[in-house]
Amino acid sequence: MGEPASVEGHVPFRGFRTWYRVVGEGEAPGRSPVLVLHGGPGTGHDYLEPLVALAASGRRVVFYDQLGCGRSDHPHDPSLWSVGLFVEEVAAVRAALGLSRVHLLGQSWGGMLALEVALARHPGLVSLVLADSLASVPIWTAEMNRLRGELPAEVREVLARHEAAGTTGSPEYQEAVMVFYRRHLCRLDPFPGCVERTFANLAADPEVYNTLWGPSEFYATGRLKGWDVTPRLGEIRLPTLVLSGRFDEATPAIAEALRLGIAGSERVTFEESSHMPHVEETDRFLSVVGDFLARAEERAQAEAPRPGSRVGRAAGPGDDPRP
C-alpha cells in the first residue's frame, strides 16, 4: 500500500511565503486533521516525516516549514524572529488551509509553540500532543547542564573552551556537540535520512536557531533563554498528551512538569528512545498518538452541545471566549 495522496503549496505570510504539505484527502466522520509543528526553531519538518502514517486513520496530516527555514522563504533579518511571529504564522496556515478544528502536534520547540497557541486561546483546538518538549527554558538549561556533566571529561573541556572563546562554529566544537546528540537527540546509527536532511537544513541557514536559541541544544543564549510558561499551564483545558524518551534531552523532570501543570494530561515514556521517539520507536509512537487523537475526538463529540440545546458546559480558562 502506497503513501497517501498529498498536495504542496505556499501560504502568504508577512509578505513572504510559508511552504506546506497536506497528506490525505479529508477526514472520516468525527475525525480532525493534525497540524504538525516542527522543532528547532529553524530546522524544517523533514525529520517528522514518519508522522505521514497518521493519515491512514482517516485524517489529514499537515506539515509546514516555519518561516526562515526549509522550503519556506528565508528573510535574513534577525529582528523578525520572535515567539509572536511564529504564533501568528500558525494562525495564517490554519486560515489559508481551512483548518477550523485541528489537533496540534508539536515536537521540541514545536511543543513550546503549541503551548503559546493554546495560551493565546486560538479557537478550534481539539487536543495538544507535546512531544519531547518543555515549559521552561531555565529548567531545561539546568537539566542540560546535568546531562552535559555526564559526558567524557575531554568532551566537556572542548565544549567549555569554545563557548568561552566564542568559537562555537568551529568543527571541533560541533564534533563534541555530536557526542551529546548521539546520546540524547537521536540514538540511531546511522541517523535516518529524514534526520540527516534536517541537520543539513539547519547547517545551511542557522539564523533562526541561533537568534532564538543559541549554538547548541544545551547552550541557550538567544531570545528564548528566559522563556517560561510554567505558571500559566493551569490555563490549558485541552486534552493533552506529553511524550518523551527515556534518554531524551527533554528529561523526565521536564516532561513531568508539563504533566503536572496541565490538568488531566497524560504522559508516555518511550524506553528505547531519546529526543526523537517518532523515528526511534516509530510504530509505538504512531500507535500511542493515534489512540490519543481518537479519544480526544470522542471527548469533543461527547461535549459538543446537541442541536437546539441552550445548555453547555461552563467555559474554562483555556476556552476561547468568542462564539
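**Exercise 1.** In this predicted model, determine how helices H1 and H2 are oriented relative to each other, and identify the residues that form their contact.

*Solution.* The result to be reached is that H1 and H2 are roughly perpendicular to each other.

Step 1. Two packed helices are described by the angle between their axes and by the distance between those axes.

Step 2. Helix H1 covers residues 83-97 and helix H2 residues 109-119; their axes come within 10 Å and cross at roughly 75 degrees.

Step 3. Angles of 65 to 115 degrees count as roughly perpendicular, and the pair is therefore placed in that class.

Step 4. On the H1 side, the contact is made by Val-83, Phe-86, Val-87 and Val-90. H2 contributes Trp-109, Leu-113, Glu-116 and Val-117.

Step 5. Sorted by character, the residues of this contact comprise 7 nonpolar, no polar and 1 charged.

**Exercise 2.** Establish how compact the protein chain is for its length, and describe its burial and its contacts.

*Solution.* Step 1. List the secondary structure: the chain has 10 helices and 8 strands.

Step 2. Compare the radius of gyration, 19 Å, with the 20 Å that the globule rule gives for 323 residues. The two values are close, so the chain is as compact as a globular protein of that length.

Step 3. Take the extents: along its principal axes the C-alpha trace spans about 70 × 40 × 40 Å.

Step 4. Turn to burial: 54% of the 323 residues count as buried. The chain exposes about 13700 Å², of which carbon and sulfur atoms supply 53%.

Step 5. Among contacts with a separation of 6 or more, 73% are between residues 24 or more positions apart.

Note on methods
Residues are numbered from 1 along each chain as its sequence is written. This is a predicted model: local features need pLDDT of at least 70, side-chain atom pairs count only at pLDDT 80 or more; totals for chains, interfaces and linings use all residues. Side-chain values use heavy atoms; hydrogens and water are left out. Axes are lines fitted to C-alpha atoms, for helices over the stretch in contact, and angles run from 0 to 180 degrees between N-to-C directions. Helices (H or I, at least four residues) and strands (E, at least two) are DSSP runs, numbered from the N terminus. Angles under 35 degrees count as roughly parallel, over 145 as roughly antiparallel, 65 to 115 as roughly perpendicular and the rest as oblique. Contact means heavy atoms within 4.5 Å. Ala, Val, Leu, Ile, Met, Phe, Trp, Tyr, Cys and Pro count as nonpolar, Asp, Glu, Lys and Arg as charged, and the others, Gly among them, as polar. The radius of gyration is taken over C-alpha atoms; the globule rule is 2.2 Å times the number of residues to the power 0.38. Buried means under 20% relative accessible area, exposed over 50%, partly exposed in between (1.4 Å probe, protein chains only). Accessible areas come from the Shrake-Rupley method with a 1.4 Å probe; for residues, only the protein chains shown count as cover.
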